[in-house]
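Dear colleague,

Please find below the structure that I am handing over to you. My findings follow directly after it.

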Amino acid sequence: MSKSVLRGLRAAALTGTLVLGSSLALAAENPIKLGVLEDQSGDFAAATIGKVHAIQLATEEINKAGGIMGRPIELVAYDTQSDNTRYQEFMRRVLQRDKVDVVFAGFSSASREAYRPIVDQFNGFAFYNNQYEGGVCDGHMIVTGAVPEQQFSTLIPYMMEKYGKNVYTLAADYNFGQISAEWVRKIVKENGGKMAGEEFIPLGVSQFSQSIQNIQKAKPDFVVTLLVGTAQASYYEQAASANVNLPMASSVNVGQGYEHKRFKPPSLKDMYVTTNYIEEIDSPKSKEFYAKFKAKFPSEPYVNQEAENSYLAVYLYKQMVERAKSTKREDIRKVIALGDVCMDAPEGKVCIDPKSQHMSHTIYLAKVGADHSISFPKTWEDIKPYWLGEAGCDLTKKDPMAQYTPSNPPPKP
Amino acid sequence: MDIATLVFSALYQFGDAFAFLVLSACGLAVIFGMMGVINLAHGEFIMCGAYVTAATVHAGLPLPLGILAGTIVSALVGVLVELVVIRHLYDRPLDTIVATWGLSLIATQGTLIMVGSTMAGVGTPFGSFQVGAYSYSIYRIVLFCAALGVLVGLYALFNWTRFGVLARATIQVPHMAAALGVDTRLVYSLTFACGAGLAGLAGGLYAPTMTLVPTMGATFIMEAFVTVVIGGADVFLGTAPAGAVLAVVKSVMTSWQGQLFGQIGLLVAVIIVVRVLPKGISGFVLRERT
Amino acid sequence: MTALVSLFRRLEGPQTVGRGPVFWGLFAIVLAVGIAYPLFSDGYTVGNTVYFFVWVFIALSLCLIWGYGGSLSFGQTAFFGIAGYGYGVLTLNFGSAYGFTLIAFVAAIVIAALFAVLLGYFMFFGRIAGVFLGIVTLAVTLMLERFMAQTAGPEWHIGSARLNGFNGMSAMPPLTIPWPGEPIVLFADVGLYYFVLGLLVFVYLALRILMNSSFGNVIVAIRENPERAEMLGYDIRKYQLITFVIGAALAGISGVLYTAWGQYITPSSMGMTAAALPLIWVAVGGRSDLTSTVVGTLVVLAAFQALTIYGSQYALVFMGVLLVLTVLIAPNGLVLGAMNWLGKLAARLTQRAG
């Protein structure tokens, strides 16, 4: 190994410690350990590096203000490289070796499903700070991201009223896309609309000529795009250059992968997205958060909804620990069961639903203009993650540690 | 809907799939088909071309010049890679898998660290046109023409120029060529650079239509390998018909059963062709000819 | 009795590196350390070591097919996945009582081997060889991956086991040994460690015997020169097919153990990256020798994990550099190169002494 490589290795090791440095400097005898497993390299890095930064920001703020019950937070962070097996390795490591009090982990649903059995086995406590397809009913998990019922029960009726009742869905061909498409179908039907077509695209596909033609043939009033991953995001550019010119609705784009910043206008013109946070939100709370974020990480390309979810999750955890006066999962869940764990997040007020341990959110409808500027035609406050609770998941009574979908609901008692 | 519209749309879909297969495969066909080097970093050469194209366009260059810059930079990187790594592995083709996989890791992660997780796109030029009820992107026609142009150019290069003849001689019987005074090292070097440059060209051409991320090369790699394997060793006799056959398979399966079956169709086609024609289409054509 | 002795004599021979009392003494020491070390370690380290062991079987399968047999299979992950999913489907349907997980363990490996019989017959009796073999096997594993990735809907199920698409199948029971009173559940800890260690030693020794037997010699002869082997009257297709099936079974062992270890299996285990990894372990270690493969795989796995932990975002870059340097500097693999060098050194020393 050459000298420069060695030097690089040492430099890398040093930066690694510096990242943790802020908390280590404080290190009292008894810090609260927070494990962070996020993809800092590989396919998903674009959307997830911001999550790590948000956790670091919140940790620094909390530690400056005296920590949690006087105990500083210590971050134990690993790069999971967008690789499911790394989640399995490192989830075991943080729980068994590092003995963390809580873990913030995961971007893709596959990674969450990969680590969930390990969290359950070791009786760990994990936060999944991500928007996803919904349905995880597991007492070891808290989900701070938005779920389909929150995003679609707002988005689809709005779009149908504004543009018409003929809907075309273009979705990624895996769990998230298929379940989200199921939600769209259901809500369109409930509102008296009609599916003009549905198409599923395998992950990693980047060429959309045939899909564009299918859409033109079906002549919908608007297209619901549930495309996931950087390859599939190529659709917008290709649709724009083929002059498809239909309004689009989505629950994933803009809020996660900031496509409106990365693509040349006007490829995302008339895209409507429901999200619980993006950096353009024009409220004092949001602006303050954004300013703090940019001050600490000036080169951050975008502060997306997952970054805000991760940021508020640290504060939420602080509140729960301080109220429970313990970091034990059982004690914290007793606090959650009271049903009043709420906080004023950058997006607005959020609360944890004790039945599903998911979060209520303020949902913003973001509209992308022809110049890719964002406007907010509508905002819904306090939208609840109602589905799991209604379907029969009640974690205050029973913990099935399973994931359910609308077509595979919890068994009736 | 009238027949003309249907025919045109089928042709357009075919041309689109053909362009993608041929452009992503050409560079690999030269490197894998001719030199026997299994280049798992092929996708990263494509990414390199796309990034350079986008960067130069952002700097103010017009798109065609940007694509040219992407092609040239990729070719230069190819020369460097050949010099440092590939040169030592010609007698061990299977080891090139490990080495180029390593290179691809370095390239993707290095790009992520240096350039960041994404790069702003450049926008697709030329706009659209209407046939019947459908509107189409003009740039896609440009891509199809570019694919044809590349094929003709390669044919000319390897059949009508002195370099092409020397390259084919070197690759068929290296020691004989060396004995006759050919600088085989230079020939290998240039051939590899040619393959890398073609990959860069593909990246540059597709840069305006795609998301630019360090891992973008991965979306090309399966189609590229499939086309080259079906085509066999000869770039012109192999890649062109393979591209055409696969484009038919892919566009028909995609329009009939959706994208998933388009992809599975490609993989099944490979398995069948390899079973029936172990040397690919070009091997079959050449055998028939002799 | 004599049969047994001659069997054990095959433990060393021309096809495997390492012979004589020094080698077996070292082997005994390593084994003793391997057996004793969980007593001095914590649950995480033991569980993590099991995880490394799990991958050794698929590396051995590639060592057999590629290193000894000379046919590059790029798709061992296909058998890994089939066996993993097989275990999941079987145990989710029939549970873990009465030692059924062990039956499922064997059944899943048999399923993978049967699939290999079909695929291998198609390939070897179709005279597909060289790089094309690699491409066909890669195509097969990618096809399985893409297909499984879209099976998220409730319509995709086998019995009561949902395939669950890209998110993967989970909640299958770990391996369970029936025991009077309380069955022993092999979680990723000391229990599973000894199970897998035992299996690994058994497989390693069995493969040594196999490779030094006449079968192994024929396999190597086919690698060196298929035409000559055929001229000598061997039906090389049959030998290649058998090697391929044994290899598939080994990859299947990895698949089942992986699934049982993490109680999870996903289509990405059959994807492009997953398919390339075993090639890298084997190439770095030294593909044409069993011992080098075992040691190399463990070293590479541990090194890559350490890099990821301590190297932050540069980890993947270092891995890349490591791979390129290995290929350039130690073409036969790092471990095999080192062992050959040690062997030469020892020979010179004994010569000088004698």
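I begin with B:Asp16, which is buried, with a relative accessible area of 8%. Please bear in mind throughout that this is a predicted model. The partner of B:Asp16 is B:Arg140: the two form a salt bridge in which the closest N and O atoms are 2.8 Å apart. B:Arg140 lies in helix H5 (residues 138–160) of chain B and B:Asp16 in helix H1 of chain B, so the salt bridge ties together parts that are 124 residues apart in sequence. B:Arg140 is likewise buried, at a relative accessible area of 4%.

B:Asp16 also belongs to the lining of the second largest cavity. The search of the whole structure finds 10 cavities of 30 Å³ or more, and the second largest has a volume of about 140 Å³. Both chains contribute to its lining, with residues including A:Phe208, A:Gln210, B:Phe20 and B:Lys250. The elements that give two or more residues to this lining are helix H7 (209–218) of chain A and, from chain B, helix H1 (3–34) and helix H10 (235–257). H1(B) gives the most, with 4 residues. By class, the lining has 7 polar, 3 nonpolar and 2 charged residues.

Turning to the remaining salt bridges, the count over all chains comes to 26. In chain A, the side chains of A:Asp138 and A:Arg116 meet in one of them, at 2.9 Å from N to O. This pair links distant parts of the chain, 22 residues apart: A:Arg116 sits in helix H4 (residues 109–121), while A:Asp138 is in the loop between strand S5 (136–137) and strand S6 (141–143). Both A:Asp138 and A:Arg116 are buried. They are also members of a network of salt bridges that includes A:Arg112, A:Glu113 and A:Glu133.

A further salt bridge joins the side chains of A:Asp394 and A:Lys397, at 3.1 Å from N to O. Here A:Asp394 counts as buried because its relative accessible area of 15% is under 20%. A:Lys397, in contrast, counts as exposed, at 71% relative accessibility.

Finally, there is a nonpolar patch on the surface of chain B, formed by B:Leu61, B:Leu65, B:Leu68, B:Ile72 and B:Leu76, with about 460 Å² of accessible area together. Of these residues, B:Ile72 lies in helix H3 (residues 63–84) of chain B and is partly exposed, with a relative accessible area of 45%.

With kind regards

Definitions and conventions. Residues numbered from 1 in each chain as written. Chains lettered and ligands numbered in written order. Predicted model: local features only at pLDDT ≥ 70, side-chain atom pairs only at ≥ 80, totals over all residues. Heavy atoms only, no water. Patch = residues over 30% accessible without salt bridge, like charges linked within 9 Å, V, L, I, M, F, W, Y side chains within 5 Å. Areas by Shrake-Rupley, 256 points an atom, 1.4 Å probe, with all protein chains shown as cover. Salt bridge = Lys/Arg side-chain N within 4 Å of Asp/Glu carboxyl O. Buried < 20%, exposed > 50% of the residue type's maximum accessible area, 1.4 Å probe, protein only. 1 Å grid on protein atoms, 1.4 Å probe; cavity = no way out; pocket = protein on both sides within 12 Å on 5 of 7 lines; lining within 4 Å. Points joined across faces, edges and corners; volume = space filled by probe spheres on them. Nonpolar A, V, L, I, M, F, W, Y, C, P; charged D, E, K, R; others polar.
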